[in-house]
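Hello,

I am handing over the structure below for your own work. My notes on its cysteines follow.

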Amino acid sequence: MNHTDVRNKDASNQKGNVPRRTVLLATLLAVVAIPFAASRLITPHGGPAPGGQPQQEDSLRYAAFLDAVTKADATTDPLQRCLAYPDLPGSHWNTETTRAYCELRARKTIRLSEIDELLKKGRAAEVDHAFRDYLDEQLKRPGHPGLLDIAFANAGFYKTSGETRRVIDAWKQQDPGSAFAMAASGVQYVDAAQAVRGDDSAAHVGEQQMTDMRRLLMLAREDLDGAVAAVPEMTAVYGSMIHLGGLTGDRKYQQQAAASGLRVDPYNFSIRIQMMNQAQPQWGRRFGGLAQQQENDEADASHNPLLRMVAQNPQVYRAYCDCSANETHRRVEHAIDRNLSSGNLVNLAGSVYGTDPRMAVEIYSEALRFDPTEVDALRWRSQLMIKLGDKQGAIDAVAAASSRFQENSAIATLVANIYRQAGRIQESEETYLAVIERYPEALPAMSELGDLYNHEAHQPEKAKALADTLIAQHPEYPEGYVVRACYLMDHDLPGRYETIHYFIDHYGNQPRFQKPVAQMQTYLARHPEPKGA
């Protein structure tokens, strides 16, 4: 099973002497962390641009945009970097809104690794103090809309992750009465519930998925209700509470959450995003429907410029259609004409990923303007650059990001992944090994390296060793079993059936494992178990 993560729609601080592979990682990144070559004029099919005038103009526009991106990325100050970025070609973005969003996304707030270090030293009160300061600044000083909300996002609380859950649980254990710890826990449980459920319609969601979702939402509601009971001004949680009500069909809970949040901050960005989301026809046109929400957001943009992005969301929803490629392209073009959030930009780029690679590269780049550590945008942009024939540019782009954010193990791991997709297997292996030595808890790097050993590197004995280490040290980490199943199936080794059944029984209902589960089931169909096994 090959998991190089080609898109189908779908750190520890070292002390003392610097390990050899830490030096190697720094050296590798230094060698390739140069501006990626925006001057290459490459058509969507990877060949030279044809002589037609429109095609030449498109190629020149594409090159000019990426050249401006490269120059902006060389700016070290996060805010000035964001402001220096070009708007998408042909778009009509509002300058005030762009500046407000740049200011929000460039604001430095406490990160998960910093929280973890403080908790390890028994300093939970300092973590609470940091988030209390963000909330006070948001409520009492003009010009800081959504500061607490972005602090939650920067800490990773809105995304389900085993590492983030570990830190949050340690925080709750050390300070059981912390409203901010309860809030962080609650919003992450909501995202975990959504991840377990998946994005399919209810008719295509399994009963076990629904059971797991409800269990997580019960935990989420307990934490969220406790957080706002202690600190009603906790704006960062009300959007998740609205989302929770949508997942459970509890309209009353949604209405109460929205009303409570808007009493604190009538123009809150994250709350209004969730209200707009729930106003869609498929969710029963809640909160007055899309037209009403759009009218409210446009009227209130004078109080919070970020609401112009929320007002554009209906155009984003229209772009997610079962349409022809031309119609999808037209709708995406219409959606990106006005200011959008980084998340919406990533999703819209996905809509044209397979049909207009250059347009998708431009949109992913714009998403990275506001969120330069967005790993999916970095990954998919580089994958498209490889598809367009620009392998070195793809490597340079992620290596430059890793050089800027050296504490980010996910981006460092991505460098190895892109080396692999570019066919440079030795550099991929060396980079994975360097990442693992520098970040011993970088489990994705270990599992991806195991997958590399199973396939392109043809070193199954090393894949076995990595799988054994992963499973022994992190038995809760599913990818270790995927690596083990791969080398057992590839070589028809003893233990393959037990590993397959264990993985399917424990993780088969999780949407993110649909591909390996399907491959395991195919193996079982082609290699029936011996009778009596």
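**Cysteines and disulfides**

With the bonded cysteines of the protein numbered in sequence order, the pairing reads 1-2, 3-4. Please keep in mind that this is a predicted model. It holds 2 disulfides, and I take them in turn.

C82 and C102

The link between C82 and C102 has an S to S distance of 2.1 Å. The angle about the S-S bond is -75 degrees, which is left-handed. C82 sits in helix α3 (residues 78–84) and C102 in helix α4 (residues 95–106), so this disulfide ties together parts that are 20 residues apart in sequence. Are these two cysteines buried or exposed? Both C82 and C102 are buried.

C321 and C323

The other disulfide joins C321 to C323, with 1.8 Å from S to S. Relative accessible area comes to 24% for C321 and to 27% for C323. Buried would require under 20%, so C321 at 24% counts as partly exposed, and so does C323 at 27%.

C486

One further cysteine is worth listing for its accessibility. C486 has a relative accessibility of 0% and therefore counts as buried.

To recap for your files: the C82 to C102 disulfide has both of its cysteines buried and connects helix α3 with helix α4. In the disulfide of C321 and C323, C321 is partly exposed and C323 is partly exposed.

Regards

Key
Residues numbered from 1 in each chain as written. Predicted model: local features only at pLDDT ≥ 70, side-chain atom pairs only at ≥ 80, totals over all residues. Heavy atoms only, no water. Disulfide = S-S within 2.5 Å. Helix = DSSP H or I, 4+ residues; strand = E, 2+ residues; numbered from the N terminus. Buried < 20%, exposed > 50% of the residue type's maximum accessible area, 1.4 Å probe, protein only.
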